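Got a minute to walk through a structure together? Here are some questions of the kind that come up at the bench, each with a short answer.

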Amino acid sequence: MYNAKAYSARSATSPLAPATVARRDPNEHDVQIEILFCGICHSDLHQVRNEWSGVMPTVYPCVPGHEIAGRVTRVGSAVTGFKPGDLAAVGCMVDSDGTCAECRAGLEQYCPNLTLTYNFPDKHLGGVTYGGYSDSIVVDERFVLRVPSKLDLAGTAPLLCAGITTYSPLRHWGVTQGKKVGIVGLGGLGHMGVKFAHALGAHVVAFTTSPGKKEDALRLGANEVVVSRNAEEMKKHAGSFDFILDAVSADHDINAYIELLRRDGNITLVGAPEKPLAVSAFGLIMGRRSLSGSPIGGIAETQEMLDFCGAHHITADVEVIPIQKVNEAYERLLKADVKYRFSLDMASLKSE
Ligand code: NAP
Ligand code: ZN
């Protein structure tokens with residue numbers, strides 16, 4: 001066991017502050033990674049503030065962070081895929097049973113014995129897992145991803161959650177050339193959704209509450225941008241979408257988007273607001289439309305997504321900040337004031 005530097009929250013109302021956490025020494029299947037960048041996901045904020053108390057109550061101290069990119073520093077004797085010096089990445093999962101039907105299908109995210117990267121029971125040390133707002137992490141090789149060498153590392157870190165969470169449902173719902181696809185909410189997830197839907201060849205419409213993001217949305221790959229607070233603009237698209245991805249972090253009217261789907265169209269929620277959303281039955285009934293959800297993606301698909309990003313030169317648009325600015329960044333997230341992901345430069349943790 002050794003001590004790693006980290007930033008943790010002591011309660012739902014306390015700011016993140018410097019701390020040390022225990023990490024295990026790498027066992028034979030483990031990879032130890034020096035964390036160079038960690039993205040700030042809105043899920044980190046929901047979890048730190050215990051906004052998901054009904055589903056995943058937060059255990060304190062909480063060290064969030066599941067968009068991890070760095071360099072391998074040590075490997076266990078049985079590790080074959082990584083060696084010290086390699087670039088490596090870790091997302092939202094660090095373990096699963098590896099034997100259930102979901103794991104065998106490469107869908108570890110549905111494993112009943114999944115271990116998430118933070119705030120989940122730690123099988124090795126007891127207590128809970130600690131995430132990537134830290135200088136290092138030790139993870140079973142099965143959950144470590146390879147980073148395409150040409151990609152900027154600060155912009156690669158967010159691919160590990162924002163990237164895979166948008167890539168996976170776009171692929172699952174058959175987004176391709178000729179499909180009309182909506183992406184709702186231009187935050188960390190949404191801006192990746194626009195990039196991927198564009199790269200997959202779809203006609204992409206971005207929906208935003210922030211008129212100031214219009215130009216950016218077009219630059220990111222949207223064919224059209226709709227300011228969703230404008231009912232007239234929304235109406236023009238009624239009954240026309242094959243697929244809509246909803247990446248909004250707060251309460252909003254999902255029925256306004258259901259109305260935009262064509263017959264048999266699907267809207268998938270990846271955004272996970274604190275409070276339940278009200279759904280009109282008729283919106284779904286008329287047009288046999290469907291509403292789904294989707295959590296991250298499996299390990300094989302995450303690697304596929306990273307390789308796709310390598311081939312298409314896709315990374316997140318990031319604002320790189322030192323860890324000391326993390327609390328300010330959370331306040332800005334709540335104001336939808338980020339273009340389009342904060343990426344923590346973990347070198348800043350050395351001065352703590
Ligand atoms: P984010 O960067 O904060 O982006 C959220 C965006 O939602 C904002 O930029 C804003 O976009 C829009 N928005 C915010 N408040 C709104 C409101 N009141 N009404 C309408 N739109 C609003 O968050 P993120 O990191 O992308 O995460 C988005 C959500 O996905 C969070 O709930 C997060 O927990 C969840 N998540 C889920 C998974 C999964 O596996 N399913 C994985 C990661 C994250 P505009 O300015 O364009 O309107
Ligand atoms: Zn996330």
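Donors here are N, O and S atoms within 2.8 Å of the metal, and water is not among the atoms, so sites may look incomplete. Keep in mind that this is a predicted model.

Q: How are the donor residues of the zinc ion (ligand 2) spaced in sequence?
A: Start with who they are: Cys41 through SG, His66 through NE2 and Cys161 through SG, lying 2.0 to 2.2 Å from the zinc ion (ligand 2). Written as a pattern, the spacing is C-x24-H-x94-C.

Q: How many residues apart are Cys41 and Cys161?
A: Both are protein donors of the zinc ion (ligand 2). Cys41 sits in the loop between β3 and α1, while Cys161 sits in the loop between α3 (153-156) and α4 (162-172). That pair links distant parts of the chain, 120 residues apart.

Q: Is Cys161 buried or exposed?
A: The cut-off for buried is under 20% relative accessible area. Cys41 has 2% and so counts as buried. Cys161 comes in at 5% relative accessibility, so it also counts as buried.

Q: Why is α4 called largely enclosed by the rest of the structure?
A: Look at its buried residues: Ala162, Gly163, Ile164, Thr165, Thr166, Tyr167, Ser168, Pro169 and Leu170. What covers them includes β10 (180-184), α5 (188-199), β13 (241-246), β14, α10 (299-312) and β17 (341-345). Helix α4 is largely enclosed because the buried ones make up nine of its eleven residues.

Q: Which residue just after α4 takes a positive phi?
A: Helix α4 spans residues 162-172. Just past it, the backbone has a phi of about 70°, and the residue that takes it is Gly174.

Q: How much space lies in the largest cavity?
A: Rolling a probe the size of a water molecule over the atoms shows where empty space is left. Searching the whole structure turns up one cavity of 30 Å³ or more. The space in the largest cavity is about 60 Å³.

Q: How many charged residues are in the lining of the largest cavity?
A: The lining is made of Gly91, Cys92, Met93, Leu145, Leu160, Ile164, Ile296, Gly297, Ile299 and Thr302. Ile164 is also one of the buried residues of α4. Sorted by class, the lining has seven nonpolar residues and three polar ones, and the charged count is no residues at all.

Q: Which strand gives the most to the lining of the second largest pocket?
A: This pocket holds about 320 Å³ of space. Its lining has 23 residues, with Arg24, Asp122, His124, Thr129 and Val138 lying nearest the centre. At least two lining residues come from each of β2, β6 (93-95) and β8 (136-140). The one that gives the most, with four residues, is β8.

Q: How many nonpolar residues are in the lining of the second largest pocket?
A: Split the lining by class and you get seven polar and seven charged residues. The nonpolar count is nine.

Q: How many residues apart in sequence are the parts that Arg74 and Asp25 tie together?
A: The structure holds 21 salt bridges, and one of them joins the side chains of Arg74 and Asp25 at 3.6 Å, N to O. Arg74 is in strand β4 (residues 68-75) and Asp25 is in the loop between β2 (17-23) and β3 (30-39), so the parts they tie together are 49 residues apart.

Q: How many residues apart are Glu331 and Arg49?
A: Their side chains meet in a salt bridge at 2.8 Å, N to O. Glu331 belongs to helix α11 (residues 326-334), Arg49 to the loop between α1 (42-48) and β4, and the distance along the chain is 282 residues.

Q: Is Arg289 buried or exposed?
A: Arg289 pairs with Glu259 in a salt bridge, the closest N and O atoms being 3.9 Å apart. Its partner Glu259 counts as partly exposed at 40% relative accessibility. Arg289 has 13% relative accessibility, so it counts as buried.

Q: Which residues are joined into one network by salt bridges that share partners?
A: Here the salt bridges go beyond a lone pair, since they share partners. The residues joined into one network are Lys195, Asp216, Arg219, Asp317 and Lys339.

Definitions and conventions: Residues are numbered from 1 along each chain as its sequence is written. Chains are lettered from A and ligands numbered from 1 in the order in which they are written. This is a predicted model: local features need pLDDT of at least 70, side-chain atom pairs count only at pLDDT 80 or more; totals for chains, interfaces and linings use all residues. Side-chain values use heavy atoms; hydrogens and water are left out. On a 1 Å grid over the protein atoms alone, a cavity is a set of points where a 1.4 Å probe fits but cannot get out, and a pocket is an open set with protein on both sides within 12 Å along at least five of seven lines; lining residues have an atom within 4 Å of a point. Grid points are joined across faces, edges and corners, and a volume is the space filled by probe spheres set on the points. Ala, Val, Leu, Ile, Met, Phe, Trp, Tyr, Cys and Pro count as nonpolar, Asp, Glu, Lys and Arg as charged, and the others, Gly among them, as polar. A salt bridge is a side-chain nitrogen of Lys or Arg within 4 Å of a carboxyl oxygen of Asp or Glu. Buried means under 20% relative accessible area, exposed over 50%, partly exposed in between (1.4 Å probe, protein chains only). Donors are N, O and S atoms within 2.8 Å of the metal (3.2 Å for Na, K and Ca); water is not among the atoms, so sites may look incomplete. Contact means heavy atoms within 4.5 Å.
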